[in-house]
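Grab a coffee and work through these exercises with the model open beside you. Try each task before you read its solution.

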Amino acid sequence: MAFNWSSLRRRLTPPNCLKPRRAVSAAVALAFGLSLLPQPFTALEQRSGQAWAQQRRGVSLVRDAEIEATIRAYASPLLGAAGIGSESVQVYLVNERSLNAFVAGGQRIFVHTGLLQRAERPAQVIGVLAHEIGHIAGGHLARLEDSLGQASAIMIASMLLGAAAAVATGSGEAAMAGVLAGQQVATRNLLSFTRAQEAAADQAGATFLEQTQQSARGLAEFMNILANQEALAVERQDPYVRTHPLSAERVSALNARVAQSRFGDRPDSPENIERFKRMQSKLMGYLDGLPATLRKYPTSDTSLYARYARAFAYFRALDFAKALDEVNSLLAEYPNDQYFHELKGDILLDMGKVPEATEAHRRAYELSPTEALLAYGFARAQIAQDDPAQLPEATRTLQDVTRREPENIGAWQQLAVAYGRSGDIGMASLASAERFLASGELRDAQGQAERAKRLLKEGTPGWLRAQDVIDAATDRRRELRNR
């Protein structure tokens, strides 16, 4: 599913929704004033447990197969240069219009959609990624490891975004989004890197770019964007300025590094430009709505990017016929583009044409079988057919997805549905237990796992896994009570 944000009125759990990972520790909860048990809501508005004040902020993490592939393509060479395995670093998209990116909770990079939209060229996004990888390679996260390492991705994003708001405004109401009002100074110290660390990350990032034969000029350009914001009032600045302190020395040092590099004037590669333009057109079509999209991409513009943006904008406006026309025109020229097939499947699914949607998702999955989100979209469409003949393949596909993405709550939910419709209530209960464990809903995880144990044959892999879930949920609940 290209964005999986469609028909939110009719969906309780969207397919590509980025899921919470684990219950946040009590220490972190006390430090930031957050509820301990996050739970998924919608892709556009994930909400954390009982911290209802966060609803006003709309803090959410979103998933998209194509954008994630783009970020991976940008980051992988840099991670290799840094000696960091690309599989060990996870990148998350934060649905926030502000300009920001940060590392937290282990080797996790969070990138705001606002940064991706406001960047002027790929090198700026790549430069930011290089800088954040510099923080990871430099071990600058050591003070965050203990407190955030076990927190879920959604909770980390909520904490840091709420903290940024509290630090900027000093208001108790903003603080309730992520921090207690009396702890803003501590939060500022926790979240902000020092100028020395920032300078070190700049230089490390520039080194990684040079080692991959790329220019650091994009990072320097991004610094100039930040420098222009320093004159603004604090509450009007983007979070990146507040948590990544800038200095004239940093900018000068980076510009000098670019001037000395033999790759300083190297332009963006055509492949990176193509990925960048597609990413920005997709984000605009969905996030900015139909009127803004049509102003930038009028119907007279028949470029790939214009049609792609309009397809999403029409899709969001529930004008499925026009959305389908746009995506069909793209497929006529690019019949082997998995993301166009994915989008067509989404549109057809919302039109109620489930068999046709399944075939579109099947084609997307066949074209890119290693992408877990495309596999998930295909299996979900199969289950939506309510055809028993589709269940065995859907179940196998979802089993593979959950092996690759054990914290994909939507996949666990759909797997529970598939098992249930097949009459395997024990495995359905186990899948539900896995879902609740991943989202930090420990009481429900324990209850479903206990039910699975009663239904499954003792000693089987499923029965043993149910016991593991019970033990994990029990241990975490005990830990929380004792803190």
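**Exercise 1.** Find the bridge partner of Phe-102 in strand S4, then work out how S4 sits among its neighbours.

*Solution.*
- Step 1: Look across from Phe-102 and you land on Phe-110, its bridge partner in S4. Keep in mind that this is a predicted model.
- Step 2: Now zoom out to the strands. S3 (residues 101–103) runs antiparallel to S4, with three bridges between them.
- Step 3: Check S2 (residues 90–94) too. S2 pairs with S4 in the parallel sense, over five bridges, and Val-94 stands opposite His-112.
- Step 4: Sort the S4 side chains by direction. Arg-108, Phe-110 and His-112 point one way, while Ile-109 and Val-111 point the other way.
- Step 5: Ask how covered the strand is. Five of the five residues in S4 (108–112) are buried, with the cut-off for buried being under 20% relative accessible area.

**Exercise 2.** Which residues have the most contacts inside the largest nonpolar core, and what does Leu-129 touch?

*Solution.*
- Step 1: The largest nonpolar core holds 44 residues, and those with the most contacts inside it include Leu-78, Ile-109, Val-125 and Leu-129.
- Step 2: Zoom in on Leu-129. Leaving out residues up to four places away in sequence, Leu-129 touches Ile-71, Tyr-74, Ala-75, Leu-78, Ile-109 and Val-111. Two names should ring a bell: Ile-109 and Val-111 point the same way from S4.
- Step 3: Don't stop there, since a second, separate core has 30 residues, among them Ala-309, Val-327, Ile-347 and Leu-373.

**Exercise 3.** Is helix H17 largely enclosed or left open by the rest of the structure?

*Solution.*
- Step 1: Pin down the helix. H17 covers residues 338–350, and its 13 residues reach 19 Å from first C-alpha to last, close to the expected 18 Å.
- Step 2: Count the cover. Twelve of the 13 residues are buried, so H17 is largely enclosed by the rest of the structure. The buried set isn't just greasy residues: Gln-338, His-341, Glu-342, Asp-346 and Asp-350 are among them.
- Step 3: Find what does the covering. The buried residues pack against helices H2, H13, H15, H16, H18 and H19.
- Step 4: Inspect the ends. At the start, a side-chain oxygen of Asp-337 comes to within 3.0 Å of the backbone nitrogen of Tyr-339. Just after the helix, Gly-352 takes a positive phi of about 85 degrees.

**Exercise 4.** How many helices and strands does the protein chain have, and what share of its residues is buried?

*Solution.*
- Step 1: The chain has 24 helices and four strands.
- Step 2: Of its 483 residues, 60% are buried.

Technical notes: Residues numbered from 1 in each chain as written. Predicted model: local features only at pLDDT ≥ 70, side-chain atom pairs only at ≥ 80, totals over all residues. Heavy atoms only, no water. Core = buried A, V, L, I, M, F, W, Y, C linked by side-chain atoms within 4.5 Å. Buried < 20%, exposed > 50% of the residue type's maximum accessible area, 1.4 Å probe, protein only. Contact = heavy atoms within 4.5 Å. Expected span 1.5 Å × (residues − 1). Polar contact = N/O pair within 3.5 Å; in protein donor to acceptor, adjacent residues only side chain to side chain. Pairing = 2+ DSSP bridges.
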